[in-house]
Amino acid sequence: MLLTSLMLAVVSHAAPRTPANDAEVLEKLPIRATDSTARELAALRAAVAKAPTDAALATELAQRYFDLALSQGDPRYVGYAEAVVTRFANPLPAPLLTARGVLRQYRHDFSGALKDFEAALAQTPDYAAAHAWRGAIYLVQADYGAAQKECAALKQLDRQTLAGACLGLLQAYSGQLAVAYVTLQKTLDQVTDTDNRLWLLTRLGEVAAWRGQDAQAQAHYREALSLGRDDVYLLAAWTDFLLDAGQPAEVVRLLAKWESADSLLLRLAEAETLLKLPEAARHQKMLMDRFAAARARGDTTHRAEEARFELRLRQDPVTALRLAQENYAVQREPRDARVLLEASVAAKDRASAQVVRDWLLRSSFEDARMRRLAQASDSSTSAGGQK
């Protein structure tokens with residue numbers, strides 16, 4: 001995919017256990033034996049086994065595992081990818097450096113990831129993937145000046161699809177929603193492959209929703225869904241749209257089989273809670289257990305989801321606010337800003353959302369809902385606090 005969102009789902013893991021021997025199978029990932037993906041992975045693993053020093057083959061296998069982590073919301077595939085990359089000694093070639101950087105950004109080690117991309121570009125200055133991923137991280141960090149340079153580099157390399165995706169998202173985040181929509185639509189018109197079309201349609205759906213053009217947003221999301229590809233980010237964006245539109249029953253229908261992905265289980269539990277369905281309690285308990293397990297592992301990649309869980313489902317705005325602040329210190333996309341604003345309003349803590357209000361002022365981000373939340377947060381005050 002192009003500039004993959006870094007808000008990825010996390011699944012539950014059993015309690016740690018040491019296997020009796022190296023041959024013991026602890027668990028099989030959810031791919032059917034007849035699945036073409038399983039056959040593709042088997043062929044790639046066999047090829048890597050025959051040529052263990054072939055960096056190109058290793059990069060291809062690591063990338064395939066990472067793609068599965070994105071589509072299925074299962075971070076175990078990231079572990080498999082990391083195992084492929086770590087077998088190689090430094091200095092790594094540019095493709096493997098980039099692959100390692102991608103895996104590091106998944107773990108929110110943005111500093112380490114940027115170092116890998118910088119090293120890859122020092123070897124191969126025209127390596128477009130490293131520029132694209134650097135741009136993605138800068139966008140997540142709201143460093144729009146740095147992101148602009150990566151978009152320009154991609155354009156200079158004549159990577160029009162990557163450049164258009166980078167620029168469109170940059171424009172969307174920096175107060176140019178109408179221009180961003182045109183940029184992303186023009187890029188989509190030039191793209192034929194399914195993965196890139198799915199990414200662009202999803203982002204067009206988000207931009208249209210931010211502009212208040214719900215019919216257009218719905219059309220883009222439905223077209224993306226019609227491509228028939230599993231994609232956790234698409235389902236999260238679409239079901240967020242449905243929840244905002246007051247359609248929780250449709251969310252339940254869409255996500256009933258997605259318990260394994262925490263970000264989607266969160267939205268399923270939210271919809272079930274709104275509908276007062278009996279499954280809501282079980283799914284809330286599952287989320288509590290998963291977040292607790294993540295904390296025990298030192299995993300901090302899910303803080304935005306946990307903040308939303310504490311705010312909307314457990315009705316604990318103080319805990320939600322703390323988590324949202326911790327999350328926003330690391331990643332600052334619009335979704336991250338929104339959950340911090342919502343928690344700030346609920347906790348009646350005006351000062352906590354100042355960082356988001358400052359971002360809105362600097363970026364001129366145009367989403368009307370976000371603007372209303374910012375205004376509400378600016379009027380909030382806790383007991384004994386100052387307005």
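A residue is taken as buried when its relative accessible area is under 20%, and on this criterion both Asp262 and Arg290 are buried in the predicted model analysed here. These two residues form a salt bridge in which the closest N and O atoms are 2.6 Å apart. Because Asp262 belongs to helix 14 (residues 262-275) and Arg290 to helix 15 (residues 279-297), the pair ties together parts of the chain that are 28 residues apart in sequence. Elsewhere, salt bridges that share partners join Asp240, Asp244, Arg267, Glu270, Arg308, Arg312, Arg335, Arg338, Glu342 and Arg369 into one network.

The search of the whole structure from which these pairs are drawn finds 30 salt bridges. One of them links Glu82 with Arg107, with a separation of 3.1 Å between the closest N and O atoms; this pair, too, connects distant parts of the chain, since Glu82 lies in helix 3 (residues 76-86), whereas Arg107 occupies the loop between helix 4 (94-106) and helix 5 (110-123), 25 residues apart. Neither partner meets the criterion for burial, because Glu82 has a relative accessible area of 24% and Arg107 one of 38%, and both residues are therefore classed as partly exposed.

A further salt bridge is found within a single helix, where the side chains of Glu206 and Arg203 meet at 2.7 Å, N to O. Both residues lie in helix 10 (residues 194-210), at a spacing of three residues, or about one turn of the helix. An α-helix has 3.6 residues a turn, so residues three or four places apart point the same way. Both Glu206 and Arg203 are buried.

Helix 10 also appears in the surroundings of helix 8, whose buried residues are covered by elements including helix 6 (128-140), helix 7 (144-156), helix 9 (177-189), helix 10, helix 18 (334-347) and helix 19 (354-363). Helix 8 is mostly covered, with 11 of its 14 residues buried; these are Leu162, Ala163, Gly164, Ala165, Cys166, Gly168, Leu169, Leu170, Gln171, Ala172 and Tyr173. As regards its length, the 14 residues of helix 8 (residues 160-173) should span 20 Å at 1.5 Å a residue, and this expectation agrees with the model because the end C-alpha atoms of the helix are 20 Å apart. Just after helix 8, Gly175 adopts a positive phi of about 80 degrees.

Methods. Residues are numbered from 1 along each chain as its sequence is written. This is a predicted model: local features need pLDDT of at least 70, side-chain atom pairs count only at pLDDT 80 or more; totals for chains, interfaces and linings use all residues. Side-chain values use heavy atoms; hydrogens and water are left out. A salt bridge is a side-chain nitrogen of Lys or Arg within 4 Å of a carboxyl oxygen of Asp or Glu. Helices (H or I, at least four residues) and strands (E, at least two) are DSSP runs, numbered from the N terminus. Buried means under 20% relative accessible area, exposed over 50%, partly exposed in between (1.4 Å probe, protein chains only). The expected span of a helix is 1.5 Å times one less than its number of residues. Contact means heavy atoms within 4.5 Å.
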